[in-house]
Amino acid sequence: MNRLERVEGQAISLPDADVDTDVIYPARFLLITEKKGLGRYAFADRRDEPGFPIGVGNDRPILIAGPNFGCGSSREQAPWAIGDLGIRVIVAESFGEIFYSNCFRNGMLPIRLERDRVESLRRIAEANGTILVDLKAKTVVAGDLASISFEVADDRRQALLNGWNDTTRILALHAADIARFEAAQKRAAPWLWT
Amino acid sequence: MSRSLYDKLWDAHVVVDSGDGKALLYIDRHLLHEVSTPQSFEALREDGLEVHRPGTQLAVADHSVPTHDRNLAIDDPQAAAQIALLERNCAEFGIAYLPLQGNDQGIVHVIGPEQGFTLPGITLVCGDSHTSTHGAFGALAFGIGASECGTVMATQTLWQTRARTMRVTFTGALQPGVSAKDMALAFIAAVGSSGGTGHAVEFAGEAVEALSMEGRMTLCNMAIEAGSRTGLVAPDEKTFAYLEGRPRAPSGEAWEAAVAHWRTLASDADAVFDPEIVIAAGEIAPQVTFGTSPDQAVSIDSALPGDGALKRPMQYMGLAAGAAIAGLPIDHAFIGSCTNGRLEDLRAAASVIGGAHVADGVRALVVPGSMQVKRQAEAEGLDRVFKAAGFEWREPGCSLCVAMNSDRLPAGARCASTSNRNFEGRQGAGARTHLMSPAMVAAAAIAGRIVDVREALA
C-alpha cells in the first residue's frame with residue numbers, strides 16, 4: 001500500500017451533502033474487474049455539469065467534501081476512482097462508514113472535522129490556497145488559519161505512515177491468537193465447525 | 001455488567017483486544033458475489049495466500065446477472081466475464097459456488113438465510129452494504145470493501161471499531177396495508193441518512209416481534225440507509241422455526257445445543273442504549289421517498305416539503321415543493337431486491353392486484369429474490385396472478401435495484417420501486433426512483449400513479 005505522511009497542495013471543494021458511492025462511481029462501471037485506472041469513470045454522471053470540480057486531469061490532492069460523503073454502497077471502486085485522480089486526503093464533517101474504512105486500505109486519508117472547520121478549509125480551497133496535511137502531527141495547516149488537529153485511530157495512522165498490508169500483517173502478528181480463538185470456539189460453539 | 005445483544009456478539013468474537021475500542025474480530029461466515037471479489041482474489045494471489053477456511057465461504061452471482069432468458073448465453077460480455085471469473089476463482093480457492101443455472105441461485109442476502117448459512121450468534125460479512133440484512137437473525141453482520149474481503153478470506157478476521165448502540169423500539173401494531181418497509185423508511189426519515197453512523201441499531205418492540213423473518217430482514221436491510229452498517233433483531237422462536245432443517249443449518253444434537261445458546265442472545269433488561277428511539281407503529285402511514293436520499297420520505301397522505309436544501313434532489317426528481325406525492329404518475333414499477341424480493345413481499349404485492357391490470361404506459365417487473373422464492377411463488381400461483389395483470393415475471397437477481405445488468409431505466413423514467421436506494425442514477429442514469437413497499441408498488445402499477453394502498457385494500 002502507498003505510504004502517506006504529508007500531503008500538500010490545493011484542494012477541490014464539493015460541498016453537496018450525502019454524495020453517495022453511486023454518484024462517485026456509477027454502478028454500470030462495476031462490471032470492470034480491474035482496480036487501476038478507474039479515475040476516468042469517477043462522477044461519470046455529474047462531471048459534465050457546468051462548474052463540476054472533479055475530473056480527469058485533476059492536480060489537487062485534497063478534497064473538501066460535504067457531510068456524509070461516500071454513503072451507500074460498499075463498492076471500493078469509489079476510493080479507487082478518486083485515488084486514481086490523485087486525491088489522497090478527503091476532509092468532511094462525516095463519512096459513510098464503509099467508504100471511510102476503504103480509504104485507509106488504499107493509502108488515502110479521510111479526515112472528520114467539525115462543520116465550521118470544514119467550511120473554513122473550504123474557503124481556502126475555493127480561494128486556491130494551499131493546504132498542508134501532516135499525518136504524523138495529526139494536523140491540517142492552511143492560510144492564516146490556526147493549525148487544526150484531527151483524530152484518527154492509531155492503528156490506521158500507523159498503517160498509512162508505514163504502508164502496511166493489513167492482511168499479511170495480521171497473519172504475521174496474530175496467527176497464534178487466531179488458532180487459540182478457533183480452538184476455544186470449537187469447544188463453545190461446535191455447530192459452527194461441522 | 002449488563003450487555004446489549006451487540007455487546008454479546010462482539011465479546012464472543014474478540015481475538016485480540018487492542019484496548020482502545022478496537023479489536024481483531026473473528027469472522028465466522030463470508031458471502032461472496034461477482035462484483036466485490038475479483039480484486040480480493042487478485043490480492044490473495046499477489047500475496048501468495050490461501051483461503052483460511054473455505055467451508056465458511058459461500059458464493060453466488062446476483063448483481064450483474066440478466067433476469068431473462070437464463071438458458072441463453074449472457075449478452076453483455078463484461079457481465080459474462082465477471083460471472084465466469086467468480087466461478088473460476090471459487091474453483092481455484094475451494095469455495096462453494098451456487099451456479100447461475102441451479103436451484104439455489106439468488107440475491108446473496110436472500111440465499112444466505114435460505115441456505116441456513118446465516119445463523120444467530122455469528123459474525124457474517126459480505127462485500128455489500130446490505131449485509132445488515134442478516135442481523136435479522138441476531139447475527140453481527142456488516143458490509144465491507146473488496147480489500148477487507150481478501151483479509152477475511154486469508155485470515156478469518158478483521159480489525160474493527162466497537163460501535164455505539166442505538167435501540168429503535170416500535171410500540172403497538174401496524175395498520176393494515178403498512179409493512180416492514182414502511183417501518184424502515186419511517187425510521188430512516190426520523191434519524192436521517194447518517195443518524196445511525198457509528199452505531200449498531202437494535203430493532204425491538206411489539207411491532208418488530210410481530211414481524212415475520214422476511215419483515216425483519218427488510219427492516220435490518222435498510223439500517224445502512226440510516227448510516228448504520230449493522231441492524232439487529234434478537235432471535236426468537238420465529239428465528240429458530242425459520243432455520244430448522246435448512247441445508248447449512250446445524251441438525252440433531254448440534255441443533256439443540258445451538259438453540260440453547262441462541263436463546264441467550266437478547267439484550268439484558270438493563271442494557272443501556274444511546275440513543276433510544278421510540279416509534280408508534282400504529283401511526284406509521286405508507287411511506288414514499290420523494291428525493292435522492294432514502295431519508296427523504298413522506299407519508300402517502302402528506303405534501304412534499306419546501307426546504308431550500310432539497311433543491312437539487314427535487315429538481316432531479318422533477319418535483320415541486322409543497323405538491324402532493326399521491327397522484328404522481330409513474331411509468332415503471334419494480335418489485336424485487338434484497339429488501340423486498342422474498343415470498344411474503346410477492347404475496348403482499350399480488351394481494352393488491354385483485355384481477356386488475358397494470359395501467360397503460362406502465363412497465364412492471366417482478367423479480368423474485370431467489371430461485372427458491374420463484375419456485376415457491378409459482379407453486380402458489382403468484383406468477384399467474386402477476387402475468388395475468390401484465391407484470392413481467394423474471395429470473396432472480398438484483399435487477400433494477402442496481403442497474404448494472406440488462407435491467408436499466410432510461411433518463412427521466414419515474415419508477416415505483418421496492419428497492420433500497422433512490423440515489424441519482426441508481427436505476428439508470430437520469431432515472432427517478434420512489435421507494436415504497438411491495439403493496440404500494442403493486443397499487444401504483446395498477447393505478448398508473450402513486451396511490452395509498454390502504455384505499456386500494458379498503
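How many bridges join E3(B) to E4(B)? There are three, and the two strands run parallel. That pairing is a handy way into this predicted model, so let us walk outward from it through chain B and finish where chain B meets chain A.

**Around strand E3 of chain B**

Strand E3 of chain B covers residues 29–32. Is it buried or exposed? Both of its faces are covered: B:Arg29 and B:Leu31 are buried on one side, and B:His30 and B:Leu32 are buried on the other. That layout fits a general pattern, in which side chains of a regular strand alternate between the two faces of the sheet.

E3(B) also pairs with strand E6 of chain B (residues 123–126), again in the parallel sense. B:Leu31 is a useful residue to click on, since it stands opposite B:Leu58 in E4(B) and opposite B:Cys126 in E6(B). Here are three parallel strand pairings of chain B side by side.

| Strand pair | Sense | Bridges | Residues standing opposite |
|---|---|---|---|
| E3(B) and E4(B) | parallel | three | B:Leu31 and B:Leu58 |
| E3(B) and E6(B) | parallel | three | B:Leu31 and B:Cys126 |
| E15(B) and E16(B) | parallel | four | B:Ile335 and B:Val366 |

E3(B) and E4(B) are also linked through a helix: together with H2(B) they make a right-handed β-α-β unit.

**Helix H3 of chain B**

H2(B) and E4(B) turn up again as neighbours of helix H3, because the buried residues of H3(B) pack against H2 (38–47), E4 (57–60) and strand E5 (96–98) of chain B.

H3(B) itself runs over residues 77–93. At 1.5 Å a residue, its 17 residues should span 24 Å, and the end C-alpha atoms are indeed 24 Å apart. Its buried residues are B:Ala79, B:Gln82, B:Ile83, B:Leu86, B:Asn89 and B:Cys90. Viewed down the helix axis, these fall within an arc of 120°, so they line one face of H3(B). The general reason is that an α-helix has 3.6 residues a turn, so residues three or four places apart point the same way.

On the other side of H3(B), the exposed residues are B:Pro77, B:Arg88, B:Ala91 and B:Glu92. Why does B:Glu92 count as exposed? It has 12 other C-beta atoms within 10 Å, and the cut-off for exposed is 12 or fewer. The C-alpha atom of B:Glu92 is separated by 28 Å from that of B:Cys338, 246 residues away along the chain. After H3(B) comes B:Gly94, whose phi is positive, near 75°.

**Further along chain B**

Strands E15 (332–335) and E16 (363–366) of chain B belong to an open sheet of five strands, in the order E17-E16-E15-E18-E19, with parallel pairing. Strands E17 (392–393) and E19 (432–435) stand at the edges, each with a single partner strand, so one side of each is left without a neighbour in the sheet.

Helix H14 of chain B (371–379) has B:Met371, B:Gln372, B:Val373, B:Lys374 and B:Ala377 buried. They pack against helices H4 (108–114), H13 (343–353) and H15 (382–388) of chain B. H14(B) is followed by B:Gly381, with a positive phi near 85°.

**Where the two chains meet**

43 residues of chain A are in contact with 56 residues of chain B. On the chain A side, helices H1 (21–24), H3 (97–104) and H6 (166–188) each supply at least two residues. The largest share, nine residues, comes from H6(A). By type, the chain A side divides into 17 nonpolar, 13 polar and 13 charged residues.

Conventions: Residues are numbered from 1 along each chain as its sequence is written. Chains are lettered from A and ligands numbered from 1 in the order in which they are written. This is a predicted model: local features need pLDDT of at least 70, side-chain atom pairs count only at pLDDT 80 or more; totals for chains, interfaces and linings use all residues. The expected span of a helix is 1.5 Å times one less than its number of residues. A residue is buried if 20 or more other C-beta atoms lie within 10 Å of its own, exposed if 12 or fewer, and partly exposed in between; C-beta atoms are placed from the backbone. The arc is that of the directions from the helix axis to the C-beta atoms. Two residues are in contact if their C-beta atoms, placed from the backbone, lie within 7 Å. Ala, Val, Leu, Ile, Met, Phe, Trp, Tyr, Cys and Pro count as nonpolar, Asp, Glu, Lys and Arg as charged, and the others, Gly among them, as polar. Two strands pair if DSSP finds at least two bridges between them. A crossover is right-handed if, with the strands pointing away from the viewer, the path from the first strand over the helix to the second runs clockwise.
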